[in-house]
Amino acid sequence: MLLKNINKRKIFEDVAPHYRALSSYGQENELAFNSFFYVSSSEWNLYDFINEFAKKHELPKAVIKLKKIKTGISDFLMTGRGGHDHKFEKIKDIISFYPNLKYVLIGDDSQKDPYIYERICKIFPLNVKAVYIRKTKKVKEETVTTILANIKEMGVSTCYFIHSEKAIEHSKKINII
């Protein structure tokens, strides 16, 4: 994130329409929206960047949950790296605080999202409606496929995709958009 300015950062095609459809689904009033939370491995020092990126690409307004700001120069250079347990804790806290809501977890296979989402589904299988994992690597990983199969066995719908078009079709099929 530090090497490109906000105007040069790109978003995957159809992400914004998909997120907006998820955000507005089931709302009778066009000014009402479903709650959205962005949980990231980035630290709070990148909040403005992430917020401006979301605005620029017309992503749904959301609560942004980030890691604590690191204090040393070496910590700063390692932004976004390291453990991802905070992501698990943040998601667990959100679901615990709003236990009557249904959640859609969206991530990718570049870090630990599949593992984190599997842990969340084990604790809250009735709260998670679907798990979406974007394929970012050249070869489909067996581990991700296995994790998604485990999640599906818990009664949670899953989608492993490269292009958002597949995720959108899946969302329509399970009636969340």
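Student: How much area does the protein expose, and what share of it comes from carbon and sulfur atoms?
Tutor: The protein exposes about 11,100 Å², and carbon and sulfur atoms supply 53% of that. The area comes from the Shrake-Rupley method with a 1.4 Å probe, and for residues only the protein chains shown count as cover. Keep in mind that this is a predicted model: local features need pLDDT of at least 70, side-chain atom pairs count only at pLDDT 80 or more, and totals for chains, interfaces and linings use all residues. Residues are numbered from 1 along each chain as its sequence is written, and side-chain values use heavy atoms, leaving out hydrogens and water.

Student: Why is F36 called buried?
Tutor: Buried means under 20% relative accessible area, exposed means over 50%, and partly exposed is in between (1.4 Å probe, protein chains only). F36 has 13%, so F36 counts as buried. Y38 is buried too, with 16%. Across the protein, buried residues make up 40% of the 177 residues.

Student: What makes F36 and Y38 an edge-to-face pair?
Tutor: Rings of Phe, Tyr and Trp (its six-membered ring) pair if their centres lie within 6.5 Å; planes under 30 degrees apart are stacked, over 60 edge-to-face, and the rest tilted. F36 and Y38 are 5.8 Å centre to centre with 65° between the planes, which fits edge-to-face. Ring pairs also link Y19, F36 and Y38 into a cluster.

Student: Why are F97 and Y98 called edge-to-face?
Tutor: Their ring centres are 4.9 Å apart and their planes sit at 85°, so that pair is edge-to-face. F97 is exposed at 63%, while Y98 is partly exposed at 36%.

Student: What makes S24 partly exposed?
Tutor: S24 has 33% relative accessibility, so S24 counts as partly exposed. You'll find S24 in helix α1 (residues 15-24); helices (H or I, at least four residues) and strands (E, at least two) are DSSP runs, numbered from the N terminus.

Student: How do you know which residues S24 touches, not counting those up to four places away in sequence?
Tutor: Contact means heavy atoms within 4.5 Å. On that test, S24 touches F33 and N34.

Student: Which residues line the second largest pocket, and how do they divide?
Tutor: Among them are Y38, N51, K55 and P60. Lining residues have an atom within 4 Å of a pocket point; on a 1 Å grid over the protein atoms alone, a pocket is an open set with protein on both sides within 12 Å along at least five of seven lines. The lining divides into six nonpolar, one polar and three charged residues. Ala, Val, Leu, Ile, Met, Phe, Trp, Tyr, Cys and Pro count as nonpolar, Asp, Glu, Lys and Arg as charged, and the others, Gly among them, as polar. Helix α2 (residues 47-56) gives the most to this lining, with three residues.

Key. On a 1 Å grid over the protein atoms alone, a cavity is a set of points where a 1.4 Å probe fits but cannot get out, and a pocket is an open set with protein on both sides within 12 Å along at least five of seven lines; lining residues have an atom within 4 Å of a point.
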